[in-house]
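The following exercises concern a predicted model. Each task is followed by a solution in steps.

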Amino acid sequence: MNEEVQKELIWAGIALVAFIAVLLFAGISEIYEIAIVIVSFSVSWLVVSYSVKSFGTGSLSKEDLQKELQAFAIILVIFLSILALAGVEDYATFAIATVAFMLTWLIRSAAIKKFSG
């Protein structure tokens, strides 16, 4: 397996574990609820990963692409932690917030690419 792909999978795994911890902290314990939110997280990760790799973030170096995915993971987990600390206990809210964050990140990345050159 390519080293770049391994690093991305490690970051995705770390973010997913942190994400599940946030869900459990928020009181979401039903398996189907956790599964729905994990699917939304996975889809978001795949879409952002594909778009960053395909369209870049300003430069096309592997380091910049990796930093972009790391930043996405860290900020997403922080965002969802803030929701949990604010008292959100509904799995649908977490799923919707994850998808909304992904869309915001895609717009941000596209704007950086468009206006950086």
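**Exercise 1.** Locate Ser 51 in the secondary structure, classify its exposure and identify the contact of its side chain.

*Solution.* Ser 51 belongs to helix 2, which covers residues 31–55. Its relative accessibility is 13%. Buried means under 20% relative accessible area, so Ser 51 counts as buried. The side chain of Ser 51 reaches the backbone oxygen of Val 48 at 3.1 Å.

**Exercise 2.** Determine whether Glu 68 is buried or exposed, and name the partner of its side chain.

*Solution.* Glu 68 lies in helix 3. With a relative accessible area of 6%, Glu 68 is buried. Its side chain makes a polar contact with the side chain of Trp 105, at 2.8 Å.

**Exercise 3.** Classify the exposure of Ile 74 and state which residues make the nonpolar surface patch.

*Solution.* Ile 74 is found in helix 3, residues 62–85. Partly exposed covers the range between the 20% and 50% limits; the relative accessible area of Ile 74 is 40%, so this residue is partly exposed. Ile 74, Ile 75, Ile 78 and Ile 82 make a nonpolar surface patch of about 350 Å².

**Exercise 4.** Describe the overall architecture and judge the compactness of the protein.

*Solution.* The protein has 4 helices and 0 strands, in the order α-α-α-α along the sequence. Its radius of gyration is 15 Å, close to the 13 Å that the globule rule gives for 117 residues, so the protein is as compact as a globular protein of that length. Buried residues make up 35% of the 117 residues. The protein exposes about 6800 Å², of which carbon and sulfur atoms supply 71%.

How values were computed. Residues numbered from 1 in each chain as written. Predicted model: local features only at pLDDT ≥ 70, side-chain atom pairs only at ≥ 80, totals over all residues. Heavy atoms only, no water. Patch = residues over 30% accessible without salt bridge, like charges linked within 9 Å, V, L, I, M, F, W, Y side chains within 5 Å. Areas by Shrake-Rupley, 256 points an atom, 1.4 Å probe, with all protein chains shown as cover. Salt bridge = Lys/Arg side-chain N within 4 Å of Asp/Glu carboxyl O. Helix = DSSP H or I, 4+ residues; strand = E, 2+ residues; numbered from the N terminus. Buried < 20%, exposed > 50% of the residue type's maximum accessible area, 1.4 Å probe, protein only. Polar contact = N/O pair within 3.5 Å; in protein donor to acceptor, adjacent residues only side chain to side chain. Rg over C-alpha atoms; globule rule 2.2 N^0.38 Å.
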